[in-house]
Amino acid sequence: MRRGIWRHVRNIKNRMIFGNYGRNVYFFPGVRVQRPRFVSVGDNVTIGRDADIFVHRPRSGSKDAIIQIGNNVHIGSRNIIGARKSVILEDNVLIGPNVVIGDHSHRYEDIDIPVKMQATTEAGPVRIERDSWIGANVFIFPNVTIGRHSVIGANSVVNRDISPYSVAVGVPARVIKKYDFNLKQWVRVDER
Amino acid sequence: MKKKKFWYPIANIKNRFLFAAYGKDVYIEPGVVINRPRFVHVGDHVRIKRNTSINLHPKDKRSKEILLFLGNNVIISESCFISACNRLIIEDNVGISPNVMIIDNSRKLGDISRPSKEQDLKIGHVHIGADSWIAYGCCIMPNVTIGRHCVIGALSVVNRDIPPYSLAIGSPAKVVKRFDFEKREWVKVVGSDIPERVMQEGMEASYRSDG
């Protein structure tokens, strides 16, 4: 794929403003990163068109990375990643288009204030472990860990932890397949 | 708040001529597509983020009716899709997350000799009550009224009315929680249906708080 010569210039600039910035990173046009100081990006990362990455400034004033993106991560177009506490994408994660990953959500309990003006809930860390694949249009809730080498099907809503080596689909996401290390193959499971 | 582009006051002056009504301090980001702004009412402090497309298909192109009404303080996030043919009302203080689709028209399926996309339009209306929050990726179908202060969960499909002060999730959306005005707290709803009486109470309460 042709990627303009300006990316080298942009990479030099980004290396100065990001918390950590690896080699051979490419951001497609329209990627917006708010407060890049708190974002750490590994080597060989690509982030698709119009992705929106935003970080809320930590109250404690620490300068540690809040969003950590590992090596060889590919993030699809129009993704939204919002973080208050921590969002960790480990190495070799593949994320499809239109995925939303947030570690906080809205409160709605007070009926006198509009929902959009109420404070956010307590942030819970989100962690996507090595080699996983997240399909298109997936929504990932706070306090979720997606285990190693697992697959999340398209249009799922993940609201609890997914164990390693499993395939999960649906709203809310249920595990439908798991890797059996004795049989050395993927077997269907009915988790209900 | 994100930095606004420096030319947005100029765009607002231009938009004041194009829209049916245009409030103060509106920020429509670059990349928003509105095909016929003459049929849109925009209230104060509205924000429409990029890649949103708003399509309006009036029956009579020379009429002056308002097809899409956006109240004050409405926020519409990235890559939403809104299509209005008849009446689509979004009241004050509504938040709409990314990738939400809101339509008030669909196709009839009656005639099997013609392709679906060429068949007649089925026109309805959509009403989203004040203070509501519509989470990521929802789809709101025609002829739906969402009450006041509702929360619609992520990736749900709303195809029937949602009573005021309730939380609905799933596809099709079902009410799982509602605000109990006697106990003054949010309670879980058992079963999918809400009794008529409760719905009525909620409606009355919403009118009371309107003043």
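Start by selecting strand S15 of chain B, residues 125-128, together with S18(B): the two run parallel and are joined by three bridges. Strands here are DSSP runs of E with at least two residues, helices are runs of H or I with at least four, and both are numbered from the N terminus. What you have open is a predicted model, in which local features need pLDDT of at least 70, side-chain atom pairs count only at pLDDT 80 or more, and totals for chains, interfaces and linings use all residues. Residues are numbered from 1 along each chain as its sequence is written, while chains are lettered from A and ligands numbered from 1 in the order in which they are written.

**Stop 1: along S15(B)**

Show the side chains of this strand. Which of them are buried? B:Val126 and B:Ile128 are, and they point to one face, whereas B:His125 and B:His127 point to the other face and are not buried. Buried means that 20 or more other C-beta atoms lie within 10 Å of the residue's own; 12 or fewer makes a residue exposed, anything in between partly exposed, and C-beta atoms are placed from the backbone.

Now click on B:His127, which stands opposite B:Thr145 in S18(B). B:Ile128 has B:Ile146 as its bridge partner in S18(B), and it is also the bridge partner of B:Ile90. To see that second pairing, add strand S10 of chain B, residues 87-90, which runs parallel to S15(B) and is joined to it by four bridges.

**Stop 2: the whole sheet of chain B**

Widen the selection to six strands, which form an open parallel sheet in the order S1-S4-S7-S10-S15-S18. Two strands count as paired if DSSP finds at least two bridges between them. At the edges are S1 (21-22) and S18 (144-146) of chain B, each pairing on one side only. Chain B as a whole has two helices and 23 strands, and 41% of its 211 residues are buried.

**Stop 3: the core**

Next, select A:Ile67, B:Leu68, B:Ile152, B:Val158 and B:Ala168, the residues with the most contacts inside the largest nonpolar core, which has 99 residues. Such a core is a set of buried Ala, Val, Leu, Ile, Met, Phe, Trp, Tyr and Cys residues joined through C-beta atoms within 7 Å. Zoom in on B:Leu68: beyond residues up to four places away in sequence, it touches B:Phe39, B:Val40, B:Ile54, B:Leu56, B:Ile82, B:Ala84 and B:Leu88. Contact means that the C-beta atoms of two residues, placed from the backbone, lie within 7 Å.

**Stop 4: across to chain A**

Where the chains meet, 18 residues of chain A are in contact with 23 of chain B. The chain B side divides into eleven nonpolar, ten polar and two charged residues.

Chain A has an open parallel sheet of six strands too, in the order S1-S4-S7-S10-S13-S16. Its edges are S1 (20-21) and S16 (145-146), each with a single partner strand, so one side of each has no neighbour in the sheet. Pick S13 (residues 126-128) of chain A, which pairs with S16(A) in the parallel sense over two bridges, and find A:Arg127, whose bridge partner there is A:Thr145.

**Last stop: a loop and a helix**

Select A:Ala136, in the loop between S14 (133-134) and S15 (139-140) of chain A. Buried, exposed or partly exposed? A:Ala136 counts as partly exposed because it has 15 C-beta neighbours inside 10 Å.

Finish at helix H1 of chain A, residues 6-17. Zero of its twelve residues are buried, so H1(A) lies largely in the open.

Key. The expected span of a helix is 1.5 Å times one less than its number of residues. Ala, Val, Leu, Ile, Met, Phe, Trp, Tyr, Cys and Pro count as nonpolar, Asp, Glu, Lys and Arg as charged, and the others, Gly among them, as polar.
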